[in-house]
Amino acid sequence: TRDDDSTRDDDSTSSILAALGGVALVSPFFLWGTSMVAMKEVLPATSPLFVASVRLVPAGAVLVAWAASKGRPMPSGGMAWLAIAIFALIDGTAFQGCLAEGLQRTSAGLGSVIIDSQPLTVAVLAAIIYGESLAPAGVFGLFLGVVGLLMLELPKEALAQIGGGDLGGALAAVTAGVDDGGGIWDSGEWWMLLAAQSMAVGTVMVRWVCKYVDPVMATGWHMALGGVPLLAYSIATEPGVYENLDKLTAGDVGGLMYTSLLGSALAYGAFFYFASKGSLTKLSSLTFLTPMFAALFGYLLLGETLDEVQLAGAAVTIVGIYLVNTRASEGQEEKEA
């Protein structure tokens with residue numbers, strides 16, 4: 001009948017919209033992961049601090065211009081600009097600055113695990129500040145996400161040491177060849193931990209920021225303003241990088257543009273828009289996808305290895321994300337009922 005046909009059409013439309021919504025939700029993490037692949041090619045020709053600046057300032061300006069062209073309101077009033085300034089300092093300057101310092105002082109594997117484990121901090125802060133809660137399945141999902149990260153990012157030697165209970169040996173295997181200096185401020189792991197906490201705090205505070213500012217405008221302005229101190233410091237301390245910009249290849253420039261426009265402007269715009277609307281813990285858990293995309297496209301584009309342990313880690317990570325985003329919700333609904 002006509003009613004049955006109409007119902008089927010509505011169901012089909014709803015399924016398509018749900019699929020598109022899922023793609024949009026995952027897109028920031030896809031773009032961040034593929035940006036990591038692009039940055040691997042650009043970093044040797046520039047510096048982490050320069051790349052951090054390029055990820056923020058131009059991308060923020062583009063996002064603000066796009067938002068203005070769509071009629072989104074500019075920040076107005078003292079509280080709006082104060083919120084943006086704090087947001088820029090924490091999630092822009094502190095996060096990207098600590099990340100740039102950490103990249104120079106720690107191994108890529110351990111650094112990635114520390115950075116991408118920030119959903120744990122988001123879960124704690126969201127529970128304290130906003131009263132978000134996870135069922136036991138969701139908590140176990142977060143644990144599985146971290147286990148998957150370890151399997152994806154750490155060398156086999158370190159995983160073998162962890163399996164044997166030798167954490168000291170595992171740490172030695174991970175940090176082999178990295179000069180850790182003497183103090184805590186020479187420790188790459190410390191800088192990466194600070195970067196992870198900065199991003200976590202930025203993720204949680206976005207709801208407060210969006211009380212005073214449009215979410216897309218807030219994202220653009222905090223990137224543009226947060227990147228200015230990093231750019232100024234880079235210009236002052238790394239003159240050689242800017243003297244050799246004319247030597248960048250077309251591939252290097254393309255990588256920088258991809259990282260800035262897609263891996264920053266589009267990715268952060270989408271991420272903080274979703275963060276202002278739904279569960280912070282569930283959204284943040286999707287961060288576990290970032291190293292999966294990085295490993296996959298590193299394998300496809302750069303010829304990097306992707307062994308059975310990493311594939312198993314990817315599977316464990318997906319199960320963890322499923323538990324946080326699906327089974328955890330079911331448990332919470334039962335609790336509320």
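A nonpolar patch of about 480 Å² lies on the surface of this predicted model. Val62, Val253, Met257, Leu261, Leu262 and Leu266 make up the patch. Helix α12, which covers residues 250–275, gives the most to it, with five residues. One of the patch residues, Leu262, has its place in α12. Leu262 counts as partly exposed because its relative accessibility is 33%, and the partly exposed class lies between the limits of 20% and 50%.

The patch may be set against the surface of the whole chain. The accessible surface of the protein chain comes to about 15,800 Å², and carbon and sulfur atoms account for 66% of that area. Of the 337 residues in the chain, 45% count as buried. The secondary structure consists of 15 helices and zero strands. Among the contacts with a separation of 6 or more, 88% are between residues 24 or more positions apart.

An individual residue illustrates such contacts. Ser285 belongs to helix α13, which runs over residues 280–285. Is Ser285 buried or exposed? Ser285 counts as buried because its relative accessibility is 0%, and the buried class requires a value under 20%. When residues up to four places away in sequence are left out, Ser285 touches Pro119, Leu142, Ile321, Val324 and Asn325.

Helix α14 comprises the 14 residues 289–302. From its first C-alpha to its last, α14 reaches 19 Å, close to the 20 Å expected at 1.5 Å a residue. The buried residues in α14 are Leu289, Thr290, Pro291, Met292, Phe293, Ala294, Ala295 and Gly298. After α14 comes Gly303, which has a positive phi, near 70°.

Helix α9, spanning residues 188–209, offers a further case for examining helix geometry. It has 22 residues, and the distance from its first C-alpha to its last is 30 Å. That reach is close to the 32 Å expected at 1.5 Å a residue. Where does α9 bend? The bend is at Thr203 and amounts to about 30°. Helix α9 thus combines an end-to-end reach close to the expected one with a bend of about 30° at Thr203.

Technical notes. Residues numbered from 1 in each chain as written. Predicted model: local features only at pLDDT ≥ 70, side-chain atom pairs only at ≥ 80, totals over all residues. Heavy atoms only, no water. Helix = DSSP H or I, 4+ residues; strand = E, 2+ residues; numbered from the N terminus. Expected span 1.5 Å × (residues − 1). Bend = angle between axes of the 7 residues up to and from the residue. Buried < 20%, exposed > 50% of the residue type's maximum accessible area, 1.4 Å probe, protein only. Contact = heavy atoms within 4.5 Å. Areas by Shrake-Rupley, 256 points an atom, 1.4 Å probe, with all protein chains shown as cover. Patch = residues over 30% accessible without salt bridge, like charges linked within 9 Å, V, L, I, M, F, W, Y side chains within 5 Å. Salt bridge = Lys/Arg side-chain N within 4 Å of Asp/Glu carboxyl O.
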